[in-house]
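Colleague: I would like a close look at how the charged side chains pair up here. Please take it slowly, and set the pairs in the context of the chain around them.

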Amino acid sequence: MKVAIYVRVSTQHQTTENQLVELHEVCDRNDWEIVEEYNETISGTKGINERTELNRLLIDAGRKKFDKVVVWSVDRVGRSMKHLVTVLSQLKDLGCDIYSYKQAIDTSTTMGSSFFHMVGIFAELENNMRKERQKIGIRRALENGAKFGRKSIMTDKLVKSVVDLRNQGQSIRKIASALKISTGTVQNACAKMVVKNAVRESA
């Protein structure tokens, strides 16, 4: 039987080497002929159109280049049920099955196809639970005074520099160029000083 191997990791700090080693051993044991490997580094939450290697795999499946796709785990195919079912359905329509090593699932069997869908549901559930834990963690951090987002560059020192240059007759564009900031930041700094002076005078 001709098969293709598909492996994926989410970040550059990870490697697909271990997946490839185990999948090659699986193919050797089953006497499957590996005709192509598809190897990519991208988040499993990305859509099919954003995943170059997965796209190439589906195109080659349509060309009948292989009969089965061998993966290390179903979550390598997709992190959401939507993506998982989409890929599985496309491969099924093309007469191509999937074998998942970690779950020992083969969609060429009725039971295997059913289990594949069930595992996909649990993979999505796990992903949703992880997101919920992250939200709870962020909310708790905010309640404890943590701050997120980019730190403001609008310091008192910057405001003073902007105002000093402005008082010297420099244009907003020249000040922005000299201080390596945007013209909008220059305008905001000037406005901040105006407000600060108004508050001081009214006190």
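Which residue meets the side chain of Lys92 in a salt bridge, and what is the N to O distance?

Modeller: The partner of Lys92 is Asp97, and their side chains meet in a salt bridge with an N to O distance of 2.9 Å. Before going further, please keep in mind that this is a predicted model, in which local features need pLDDT of at least 70 and side-chain atom pairs count only at pLDDT 80 or more, while totals for chains, interfaces and linings use all residues. Residues are numbered from 1 along each chain as its sequence is written, and side-chain values use heavy atoms, with hydrogens and water left out.

A salt bridge here is a side-chain nitrogen of Lys or Arg within 4 Å of a carboxyl oxygen of Asp or Glu, and by this rule the count comes to 10 salt bridges. Side chains of opposite charge can pair when their charged atoms come close.

In the pair you asked about, the two partners differ in their cover: Lys92 is partly exposed because its relative accessible area is 35%, whereas Asp97, at 16%, counts as buried. The cut-offs are under 20% relative accessible area for buried, over 50% for exposed and partly exposed in between, with a 1.4 Å probe and protein chains only.

A second pair joins Lys68 to Asp106, with the closest N and O atoms 2.9 Å apart. Lys68 lies in strand E3 and Asp106 in strand E5 (residues 105-106), so this contact ties together parts that are 38 residues apart in sequence. Both Lys68 and Asp106 are buried.

A third pair is formed by Lys65 and Asp60, whose side chains meet at 3.9 Å, N to O. Lys65 is partly exposed because its relative accessible area is 33%, while Asp60, with 5%, is buried. These two residues also belong to a wider group, a network of salt bridges that links Glu36, Glu53, Arg56, Asp60, Arg63 and Lys65.

To place these pairs in the fold, note that the protein comes to 8 helices and 5 strands, where helices (H or I, at least four residues) and strands (E, at least two) are DSSP runs numbered from the N terminus. Read from the N terminus on, the elements follow the order β-α-β-α-β-α-α-β-β-α-α-α-α. Of the 203 residues in the protein, 36% are buried, and Asp60, with a relative accessible area of 5%, is one that meets the cut-off for buried.

Two backbone details may also help when you trace the chain. The loop between strand E4 (97-100) and strand E5 contains Ala104, which has a positive phi of about 55° although it is not a glycine. Ala104 counts as exposed because its relative accessible area is 58%, whereas Asp106, in strand E5, is buried. Further along, Lys180 sits in the loop between helix H7 (172-179) and helix H8 (183-202), and its phi, near 60°, is again a positive value in a residue other than glycine. With 75% relative accessibility, Lys180 is exposed. Met111, which is found in helix H5 (residues 110-143), is likewise exposed, with a relative accessibility of 55%.
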